[in-house]
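Here are my notes on the model, as numbered points. They take up strand pairing and then the contact between the chains.

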Amino acid sequence: MKKFQLSIVLLTTLVMGACANKNVPQQSTQIYIPSPTVVKYGDSQSIETVTADFGSTDLQTVAETMTRSLLQSKVIQNSISAPTVTLAEVKNQTTEPINTRMMTEKIRTQLMKSGQVRFAISANEMQSQVDETKRQNQSGMYRNDGTAKPSRMEGAKYRITGTISTIVKQNRDMKDIFYNFNLNLVNNESGLLEWAEEKEIRKTVTR
Amino acid sequence: MNRTFTSPIFVITALVGLSLLSACNTSPAALTEKQKMTTRMGDTAAVEVVDMRSVVRNNLLTAQVTVKNWGPKPDKATGEQKPDTNLYGYRFKWLNASGMAVFSDEVWKPLTLTRDQSADLVGIAPTPDAASFRFEINQYK
């Protein structure tokens, strides 16, 4: 009988203890502690293979290959003075969202840095040129001798056009992306294609 | 005569010392021109620079480096071929007549060579100022 009474007392104590735990005040809001992160600088020229999408290494490689080839072409090297060139925006013929403006500007900067060509502004930048000339000449705020006169722009002898396209094939275990980048130099007066170069890049992803 | 200088211990010590000094004096095997012009980073021992040449074409220095990937050496104990998992990148560094670097650094380009495959890597200088070049190779994975 005593054992039975003892077990009842123990059970009651346990139940009471369990109920008592419920009364412990709990935090109503949880504090989010983010996992520790590491920030560091990296080499901007290093090989990037995060995904198979068009990346920084592809952009830099394409710009480098194209500009070096163009600079070595007879059209550029046989010119008495640095020829004037305009660069149209590279056309993206892939299904990927590629920033072709970045590519165009990279090619132009590399060519400019070589000192072998001079760039006339492209069709995309024409509006800002017109606006600035108008502002200087029509606002009445500038001295006449210091303004940029209209009809003094220099036309480009050559224009550079480019396209980037892809062939993508994939199955359950593998994806293959083939990039083909083309750049052409056209004589604006004669319409002759003076130089062309292509760069092919193959990237594969396997599971 | 002082006995210290004629003792066998002294003579042996002196001989050993002289031989060590002469060993230090001998210069290590002279680097070849290819080795001098190549900068290696990481484990790139499997990639051999077979040939190096340059020519001025249309006013710009053009370099050609022939490389061969021998792949990792087989396991010493079992003789088994290890898988060729290393990935390499390369680039050219262009120098002017004074040895100063011209233009900004090139991008590292992936070297896509399977075992026993060789390739001619061609680089074109970015400006006519470039008079010589260095070949840089690294292991990026």
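1. A definition before the pairings: two strands count as paired if DSSP finds at least two bridges between them. The model is a predicted one.

2. Start with β4 and β7 of chain B. Strand β4 covers residues 88-95 and strand β7 covers residues 132-139. They pair in the antiparallel sense, over 8 bridges. What stands opposite B:Leu95 in β7(B)? The partner is B:Ser132.

3. These two strands belong to an open sheet of 4 strands in chain B. The order is β1-β7-β4-β5, and the pairing is mixed. Which are the edge strands? They are β1 (38-41) and β5 (109-111) of chain B, each pairing on one side only. On average, neighbouring strands of this sheet are turned by 30 degrees against each other, direction ignored.

4. Next, β2 and β3 of chain B. Strand β2 (residues 47-57) runs antiparallel to β3(B), and 10 bridges join the two. B:Val47 has B:Asn69 of β3(B) opposite it. The pair forms a hairpin with 2 residues between the strands. B:Asn58 lies in that turn and has a positive phi of about 50 degrees.

5. Now the interface. Chain B puts 24 residues in contact with 20 residues of chain A. The two chains bury about 1800 Å² between them. Carbon and sulfur atoms carry 55% of that area. Which residues of chain B lose the most area to chain A? They are B:Asn58, B:Phe103 and B:Val107, together 32% of what that side buries. B:Asn58 is thus worth a second look: the hairpin turn residue of point 4 is also in this group.

6. Polar links across the interface deserve a check. The rule finds 2 salt bridges between chain B and chain A. One of them joins the side chains of A:Glu64 and B:Lys109, at 2.6 Å from N to O. There are also 11 residue pairs in polar contact across the interface, both residues at pLDDT 80 or more.

7. Where does the side of chain B that touches chain A come from? Strands β3 (60-69), β4 and β5 of chain B each supply at least two of its residues. The largest share, 4 residues, comes from β4(B). By class, this side has 12 nonpolar, 6 polar and 6 charged residues.

Conventions: Residues numbered from 1 in each chain as written. Chains lettered and ligands numbered in written order. Predicted model: local features only at pLDDT ≥ 70, side-chain atom pairs only at ≥ 80, totals over all residues. Heavy atoms only, no water. Axes fitted to C-alpha atoms, helices over the stretch in contact; angles between N-to-C directions. Contact = heavy atoms within 4.5 Å. Buried area = accessible area lost by both parts, 1.4 Å probe. Salt bridge = Lys/Arg side-chain N within 4 Å of Asp/Glu carboxyl O. Polar contact = N/O pair within 3.5 Å; in protein donor to acceptor, adjacent residues only side chain to side chain. Nonpolar A, V, L, I, M, F, W, Y, C, P; charged D, E, K, R; others polar.
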